[in-house]
Amino acid sequence: MLIDMRSDTVTRPTAAMRKDMADAEVGDDVLDGDPTTRRLESTVAERLGKDAALFFPSGTMANQAAVWLLSAPGTEVLLDPLSHIVHSEMGGVAALCGAQILPVVCAGAVMNASDLLQAMRSPDDASAPEASLVCIENTHAWAGGQVVSLTRMRALRDVASAAHLPVHLDGARLWNAAAATGTSVAEFAACADTVMVSFSKGLGAPVGSALAGSRDAMRRVVRIRRRFGGAMRQSGVLAAAALHGLLHHIDRLPDDHAAARELFGVLDAAGLEGVSIVAPDTNIVMIDLPTSCAAAVVMRAAELGVAVSEWTPSRVRAVTHLDAPIQRVREAAPLLARAIADVLPG
Ligand SMILES: *Cc1c(COP(=O)(O)O)cnc(C)c1O
């Protein structure tokens, strides 16, 4: 295989990252704290401008811990129906937290303040469930890594605040949003009560995410994390990889974005009949096909040495990352265009 662009989760830890993992000072994080994990947590809290942060085995667990913290059984969580929490977390909002999802129908690719306002129920409706939480995803995976601008984030927070609702930010790729806009992760994070960030996507760590928020919230989240089975012991080995990503791989995220733009440019210029490609804000390129032939395109591309993923029956996704550098993306782009042309009818 020439290149694997199925996801930015496929990266392998670099030699330098593995060295930091091997050298990590560790302790029992449940008994008396793992020093490297603590260092990661305080670094992340500082970057996000929050009081505290906690290391989690996955972004899914951290998102679900936030929903557990901020919602209550029988209440509604306002969510974009195309969000990761709705699509890719096994119904955790219902199954674990006992809350239901109130879908926020979005006029555009990502939620705006008027979408959120439209979705809210009247507080005077005596039979309607009570809302407990608003969730925002930035960058938005389904929308092709689209950035939710700071202006839009602030407007969303204002609508939530006016309704006395807390906000959770699923910022698995918030680092990419910051790299693409120059807005700091702290400015984005200031629009939310809790923020989840991932280390296992663009930052290239093998495992891990963090949840950040107020001191009091994180004190409660320590117990929620324990209940979810996410309290880890010598987690410093993993935290060292995350720290390495934070210190050494954030500055290279613009390279991923440039590679995605290059891929977009080649596919767009190929003039493929009926194919529309979402112009990337960050590191994700979504390719919309005129028929349900995504599986066939994925198969043909693999034959040509290019791994991409079937996002929906008519949508293919390609993601750039640490192990998909621009030189190789450049080689892969015409091959992917050819795979699409080979599969399309006529
Ligand atoms: C990847 C991702 C997550 C978390 O995924 P895990 O695989 O559980 O770490 C959450 N939200 C979004 C938008 C993601 O892309």
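This report walks through a four-stranded sheet, the helix that lies across it, and a few backbone details in a predicted model.

## The sheet

Let's start with the strands. Four of them make an open sheet in the order S9-S10-S13-S12, and their pairing is antiparallel. Strand S9 (276–277) and strand S12 (309–312) are the edge strands, each of them pairing on one side only.

S12 and strand S13 (residues 315–319) run antiparallel and are joined by 3 bridges. These two strands form a hairpin, with 2 residues between them.

## Glutamate 310, a residue on the edge strand

Glutamate 310 is a handy landmark if you are turning the structure on your screen, and it is found in strand S12. Which residue of S13 stands opposite glutamate 310? Look across to S13 and you will find valine 316 there.

Is glutamate 310 buried, exposed or partly exposed? Its relative accessible area is 42%, and because buried means under 20% and exposed means over 50%, glutamate 310 counts as partly exposed. Leaving aside neighbours within four places in sequence, glutamate 310 is in contact with Ala294, Ala295, Val298 and Arg315.

For a sense of distance, take proline 254, which is 56 residues from glutamate 310 along the chain. The C-alpha atoms of the two residues are separated by 25 Å.

## Helix H12 across the sheet

Now for the helix. H12 covers residues 253–269 and lies across S9, strand S10 (284–288) and S13. Relative to S10, H12 runs at about 20°.

Does the length of H12 agree or disagree with what its residue count predicts? At 1.5 Å a residue, its 17 residues should span 24 Å, and the end C-alpha atoms are 25 Å apart, so the two agree.

Several residues of H12 are buried: Leu253, Asp256, His257, Ala259, Ala260, Leu263, Phe264 and Leu267. They cover an arc of only 160° around the axis, and therefore sit on the same side of H12. As for their partners, the buried residues of H12 pack against S9, S10 and S13, as well as helix H8 (174–181) and helix H14 (326–343).

After H12 comes glycine 271, which has a positive phi, near 60°.

## Backbone details in the loops

Three loops are worth a visit for their backbone geometry. In the loop between strand S5 (131–137) and helix H7 (150–162) you will find threonine 139. A cis peptide bond, with omega at about 0°, joins this threonine 139 to asparagine 138.

Methionine 90 sits in the loop between helix H4 (84–87) and helix H5 (92–95). Although methionine 90 is not a glycine, its phi is positive, about 60°. Methionine 90 has a relative accessible area of 79%, so it is exposed.

Histidine 164 is placed in the loop between H7 and strand S6 (167–171). Here too is a residue other than glycine with a positive phi, near 60° in histidine 164. Is histidine 164 buried or exposed? With a relative accessible area of 71%, histidine 164 is exposed.

Definitions and conventions
Residues numbered from 1 in each chain as written. Predicted model: local features only at pLDDT ≥ 70, side-chain atom pairs only at ≥ 80, totals over all residues. Heavy atoms only, no water. Pairing = 2+ DSSP bridges. Contact = heavy atoms within 4.5 Å. Axes fitted to C-alpha atoms, helices over the stretch in contact; angles between N-to-C directions. Buried < 20%, exposed > 50% of the residue type's maximum accessible area, 1.4 Å probe, protein only. Expected span 1.5 Å × (residues − 1). Arc of directions from axis to C-beta.
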